[in-house]
Amino acid sequence: MTSLNRFATNYTLFVKTYSKITLVCPNPTTVLTEQERSQSKENMYENILLVDKQGYETCTYNDSNKFHRRLKKCDSPLTLDYYDIVFTVYSPEPNGLTFKTGKEYYLISKFSDVF
């Protein structure tokens, strides 16, 4: 049996409106498990992406898909960096991030220094 991503971990969160989560970019100080060898900083470039269900199931991102959106580009692996998501139904910013009550949303993280 093979897996699309041997490091993949799936989580389901049930959140209420105005809940907040903080996503932390990869950083040597945030790797909490013991490693056989140290992580190179080149392996710590990540993109946190909001995708549709198909993008989640195939772990793909397509910037021409209107449901896909890059939320954060983690491109400074030696700096502590993070992204907060607040689950609101309205955003004062044009094209701001909003969430409809009862709808499912999918996040993936993909390694890339070119997005």
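**Exercise 1. Describe the sheet that contains strands E3, E2 and E5.**

Solution. The starting point is an open sheet of three strands, ordered E3-E2-E5 and paired in antiparallel fashion, where strands (E, at least two residues) and helices (H or I, at least four residues) are DSSP runs numbered from the N terminus, and two strands pair if DSSP finds at least two bridges between them. The next step is to find the edges, which are strand E3 (69-74) and strand E5 (106-111), since each of these pairs on one side only. From one strand to the next, the twist averages 20°, with axes taken as lines fitted to C-alpha atoms (for helices over the stretch in contact) and angles running from 0 to 180 degrees between N-to-C directions. As a last step, look at the pairing of strand E2 (residues 46-51) with E3, which run antiparallel and are joined by five bridges; Glu-46 has Cys-74 as its bridge partner in E3.

Before going on, note that this is a predicted model, in which local features need pLDDT of at least 70 and side-chain atom pairs count only at pLDDT 80 or more, while totals for chains, interfaces and linings use all residues. Residues are numbered from 1 along each chain as its sequence is written, and side-chain values use heavy atoms, with hydrogens and water left out.

**Exercise 2. Find which cysteines form a disulfide, and state which parts of the chain they tie together.**

Solution. A disulfide is a pair of cysteine sulfur atoms within 2.5 Å, and a search of the whole structure finds one. Cys-25 and Cys-74 are the residues joined, with an S to S distance of 2.0 Å. Because Cys-25 lies in the loop between E1 and E2 whereas Cys-74 belongs to strand E3, the pair ties together parts that are 49 residues apart in sequence. The torsion about the S-S bond is about -65°, so the disulfide of Cys-25 and Cys-74 is left-handed. For the surroundings, use relative accessible area (buried under 20%, exposed over 50%, partly exposed in between, with a 1.4 Å probe and protein chains only): Cys-25 is buried at 3%, and Cys-74 is buried at 2%. Cys-59, by contrast, has a relative accessibility of 23% and counts as partly exposed.

**Exercise 3. Work out how many salt bridges there are, and describe the residues in each.**

Solution. The rule asks for a side-chain nitrogen of Lys or Arg within 4 Å of a carboxyl oxygen of Asp or Glu, and by this rule the count is two. One is formed by the side chains of Lys-20 and Asp-84, at 3.9 Å from N to O. This pair links distant parts of the chain, given that Lys-20 is in strand E1 (residues 20-24) and Asp-84 is in strand E4 (residues 82-86), 64 residues apart. Lys-20 is exposed at 54% relative accessibility, while Asp-84 is partly exposed at 30%. Another salt bridge is that of Lys-72 with Asp-81, whose closest N and O atoms are 2.9 Å apart. Here Lys-72 is buried at 18%, and Asp-81 is partly exposed at 22%.

**Exercise 4. For Tyr-18 and Asn-95, state where each lies and whether it is buried or exposed.**

Solution. Take Tyr-18, which has a positive phi of about 75° although it is not a glycine; Tyr-18 lies in the segment before E1 and is exposed at 60%. Then take Asn-95, likewise not a glycine, with a positive phi of about 60°; Asn-95 lies in the loop between E4 and E5 and is exposed at 72%.
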